[in-house]
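Please work through the exercises below with the sequence and the three-dimensional view open beside you. Try each task before you read its solution.

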Amino acid sequence: MSQDWTVRRAALSDVPAILAVAAAAWRDTYNGLLNPGTIERFIERAYSPERVESRVIEDHFFVAEGAEGIVAFADALEQADRLELAAIYTLPKVRGHGAGTALLSKLVELFPERDMSADVVENNRKGEVFYERRGFAPRERLEATLFGETVTERRWWRPAENAVASQGQRGPTSGAG
């Protein structure tokens, strides 16, 4: 069931709520995919108050809120060839209610001529299904190390809504597979 969400640019006052969403989403999403210690270290480092404050200021960082307050966030970075979704997470109890889709729609609205990418840990079915249903397709494989744990990610690509012929910058058409 979807509900109406207010999507807006994140403010520094939102950092505590963002931290709560990130911790709950990471623990739920990566349980069984990553070692528990890796999950906790990642939350501690990537979602420290200082790091999130910096991301809110420097990135395209949005939150989705409803009656319960902030339930989801998206963090996007402009790269030379695409808009990179560095993170998009929703509280587990409201997944499937449209908050993530509302955030993604806001980014598409703001960057209609940019391809989008998102790196997803392989076998993260929650992430893979989300992107697949919203027009993304998996392409290249990437190896990463998170606090000593090796993980394989797939870069998922979504073509621009309004590709400009003269732009000439598109995502790769094939990847390691």
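The exercises go from the whole chain to a helix pair and then to single residues, and the model they use is a predicted one.

**Exercise 1. The chain as a whole**

Find how many helices and strands the protein has, and write down the pattern they follow along the sequence.

Solution. Counting the elements gives five helices and seven strands. Reading along the sequence, you should arrive at the pattern β-α-α-α-β-β-β-α-β-α-β-β. As a next step, turn to burial: of the 177 residues in the protein, 45% are buried. Finally, look at contacts between residues at least 6 apart in sequence, where 64% join residues at least 24 apart.

**Exercise 2. Two packed helices**

Decide whether α1 and α2 are roughly parallel or antiparallel to each other, and name the residues through which they meet.

Solution. Begin with the general approach, in which two packed helices are described by the angle between their axes and the distance between the axes. Here helix α1 covers residues 15-30 and helix α2 covers residues 36-46, and the two pack at an angle of about 155° with their axes 10 Å apart. An angle over 145 degrees counts as roughly antiparallel, and α1 and α2 are therefore roughly antiparallel to each other. The crossing in which α1 passes α2 is right-handed. On the α1 side the meeting residues are Ala-23, Trp-26, Arg-27 and Tyr-30, while α2 brings Ile-39, Glu-40, Phe-42 and Ile-43. Sorted by class, this contact of α1 with α2 holds six nonpolar residues, two charged residues and no polar ones.

**Exercise 3. Two buried residues**

Determine whether Asp-75 is buried or exposed, do the same for Thr-29, and then find what each side chain reaches.

Solution. First locate Asp-75, which is found in strand β3, residues 69-78. Its relative accessible area is 1%, and since buried means under 20%, Asp-75 is buried. Next, follow the side chain of Asp-75 to that of Arg-55, to which a polar contact of 2.7 Å joins it. Leaving aside neighbours within four places in sequence, the residues in contact with Asp-75 include Arg-55, Asp-59, His-60 and Glu-84.

Now move to Thr-29, whose place is in helix α1. With 7% relative accessibility, Thr-29 also falls under the 20% limit and counts as buried. The side chain of Thr-29 reaches the backbone oxygen of Ala-25 at 2.7 Å. Again leaving aside neighbours within four places in sequence, Thr-29 is in contact with Tyr-89, Arg-95, Asn-124 and Lys-126.

**Exercise 4. Sequence distance and distance in space**

Work out how Ile-57 and Leu-142 are classed by accessibility, and give the C-alpha separation of Ile-57 from Ala-11 and of Leu-142 from Arg-154.

Solution. Ile-57 lies in helix α3, residues 49-58, and at 60% relative accessibility Ile-57 counts as exposed, the cut-off for that class being over 50%. Although Ile-57 and Ala-11 are 46 residues apart in sequence, their C-alpha atoms are 8.0 Å apart in space.

Leu-142 is placed in strand β6, residues 137-146, and its 22% relative accessibility makes it partly exposed. Twelve residues along the chain separate Leu-142 from Arg-154, and 6.1 Å separates their C-alpha atoms. Not counting residues up to four places away in sequence, Leu-142 touches Asp-119, Val-151, Thr-152, Glu-153 and Arg-155.

Methods:
Residues are numbered from 1 along each chain as its sequence is written. This is a predicted model: local features need pLDDT of at least 70, side-chain atom pairs count only at pLDDT 80 or more; totals for chains, interfaces and linings use all residues. Side-chain values use heavy atoms; hydrogens and water are left out. Axes are lines fitted to C-alpha atoms, for helices over the stretch in contact, and angles run from 0 to 180 degrees between N-to-C directions. Helices (H or I, at least four residues) and strands (E, at least two) are DSSP runs, numbered from the N terminus. Angles under 35 degrees count as roughly parallel, over 145 as roughly antiparallel, 65 to 115 as roughly perpendicular and the rest as oblique. A crossing is left-handed if the near helix is turned anticlockwise from the far one by less than a right angle, and right-handed if clockwise. Contact means heavy atoms within 4.5 Å. Ala, Val, Leu, Ile, Met, Phe, Trp, Tyr, Cys and Pro count as nonpolar, Asp, Glu, Lys and Arg as charged, and the others, Gly among them, as polar. Buried means under 20% relative accessible area, exposed over 50%, partly exposed in between (1.4 Å probe, protein chains only). A polar contact is a pair of N or O atoms within 3.5 Å; within protein, one must be able to donate a hydrogen and the other to accept it, and residues adjacent in sequence count only if both atoms are side-chain atoms.
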